[in-house]
Amino acid sequence: MSPPRAVCAVARRAGLSASLSDALVGYGSPAVSTALLANPEAPISPRSMPVLMRMAMRSEAVALALGVRDDVAGPDRARLVDLA
């Protein structure tokens, strides 16, 4: 089941809080997470990284979106390289 378009639209908005970003990641949809990761203003908290990394193992789009973010820490970036 694909996520509602409104959820992806929220992920693209400016001014998202870290708690809202966490909730969007928690939605569990690769499409929503990809939209969130493509939003350069969206904060990605350390709490969401394990979920995103598991999602990246199943979704190339999430892995690629994570790979281009500047705020992915060294250990997580190394795990992404291992996925590639």
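Is M55 buried or exposed, and what is its relative accessibility? The legends below start with that residue and then move through this predicted model, one close-up at a time.

**View 1. M55 sits in helix α4.** At a relative accessibility of 2%, M55 counts as buried, because the cut-off for that word is under 20% relative accessible area. Setting aside residues up to four places away in sequence, M55 touches V25, G28, S29, P30, S33 and V62. One of these, P30, is 25 residues from M55 along the chain, yet the two C-alpha atoms are separated by 6.8 Å. Another, G28, comes just after α2 and takes a positive phi of about 85°.

**View 2. V62, a contact of M55, belongs to helix α5.** V62 is buried, with a relative accessible area of 0%. Look around V62 and, leaving out its neighbours within four places in sequence, you will find contacts with P30, S33, T34, L37, L52, M55 and A56. P30, S33 and M55 may be familiar from the previous view: P30 and S33 are also touched by M55. For a longer reach through the model, take V62 and C8: they are 54 residues apart in sequence, and their C-alpha atoms are 14 Å apart in space.

**View 3. Helix α5, residues 60–67, has buried residues V62, A63, A65 and L66.** These four cover an arc of only 165° around the axis, which puts them on the same side of α5. On the other side of the helix, E60 and L64 are exposed. What do the buried residues of α5 pack against? Their partners are α3 (30–37), α4 (49–58) and α6 (74–83).

**View 4. Helix α2 has its own buried residues, S21, D22, L24 and V25.** They span an arc of only 160° around the axis, which places them on the same side of α2. S19 and G26 are the exposed residues carried by the face turned away from that buried side. The cover over the buried residues of α2 includes α1, α3 and α4.

**View 5. Helices α2 and α3 come together with their axes within 8 Å.** Two packed helices are described by the angle between their axes and the distance between the axes. Here the axes cross at roughly 150°, and that makes α2 roughly antiparallel to α3, because angles over 145 degrees count that way. From α2, residues S21, L24 and V25 meet V32, S33 and L36 of α3. Sorted by class, this contact has four nonpolar residues, two polar ones and no charged ones.

**View 6. Helices α4 and α6 have axes that come within 10 Å.** In this pair the crossing angle is roughly 10°, so α4 and α6 are roughly parallel to each other. The cut-off behind that wording is an angle under 35 degrees. On the α4 side, the contact is made by M49, M53, A56 and M57, and on the α6 side by D76, R79, L80 and L83. These residues divide into six nonpolar, no polar and two charged.

**View 7. L80 is one of the residues that join α6 to α4.** Which residues does L80 contact, leaving aside its neighbours within four places in sequence? They are M53, A56, A63, L66, G67 and V72. Among them, M53 and A56 also take part in the contact of α4 with α6, while A63 and L66 are buried residues of α5.

**View 8. The largest nonpolar core has 23 residues.** L24, L36, L37, M49, L52, L66 and L80 touch the most other members of this core. Several of these names have appeared in earlier views: L24 is a buried residue of α2, L36 lies in α3 and meets α2, and L66 is a buried residue of α5. Helices α1 (5–11), α2 (18–26), α3, α4 and α5 each supply at least two residues of the core. The largest share, five residues, comes from α4.

**View 9. P4 lies in the segment before α1.** With a relative accessibility of 41%, P4 counts as partly exposed. P4 and V25 are 21 residues apart in sequence, with their C-alpha atoms 14 Å apart in space. V25 brings us back to where the tour began, since V25 is one of the residues that M55 touches.

Notes. Residues are numbered from 1 along each chain as its sequence is written. This is a predicted model: local features need pLDDT of at least 70, side-chain atom pairs count only at pLDDT 80 or more; totals for chains, interfaces and linings use all residues. Side-chain values use heavy atoms; hydrogens and water are left out. Buried means under 20% relative accessible area, exposed over 50%, partly exposed in between (1.4 Å probe, protein chains only). The arc is that of the directions from the helix axis to the C-beta atoms. Contact means heavy atoms within 4.5 Å. A nonpolar core is a set of buried Ala, Val, Leu, Ile, Met, Phe, Trp, Tyr and Cys residues joined through side-chain atoms within 4.5 Å. Axes are lines fitted to C-alpha atoms, for helices over the stretch in contact, and angles run from 0 to 180 degrees between N-to-C directions. Angles under 35 degrees count as roughly parallel, over 145 as roughly antiparallel, 65 to 115 as roughly perpendicular and the rest as oblique. Ala, Val, Leu, Ile, Met, Phe, Trp, Tyr, Cys and Pro count as nonpolar, Asp, Glu, Lys and Arg as charged, and the others, Gly among them, as polar.
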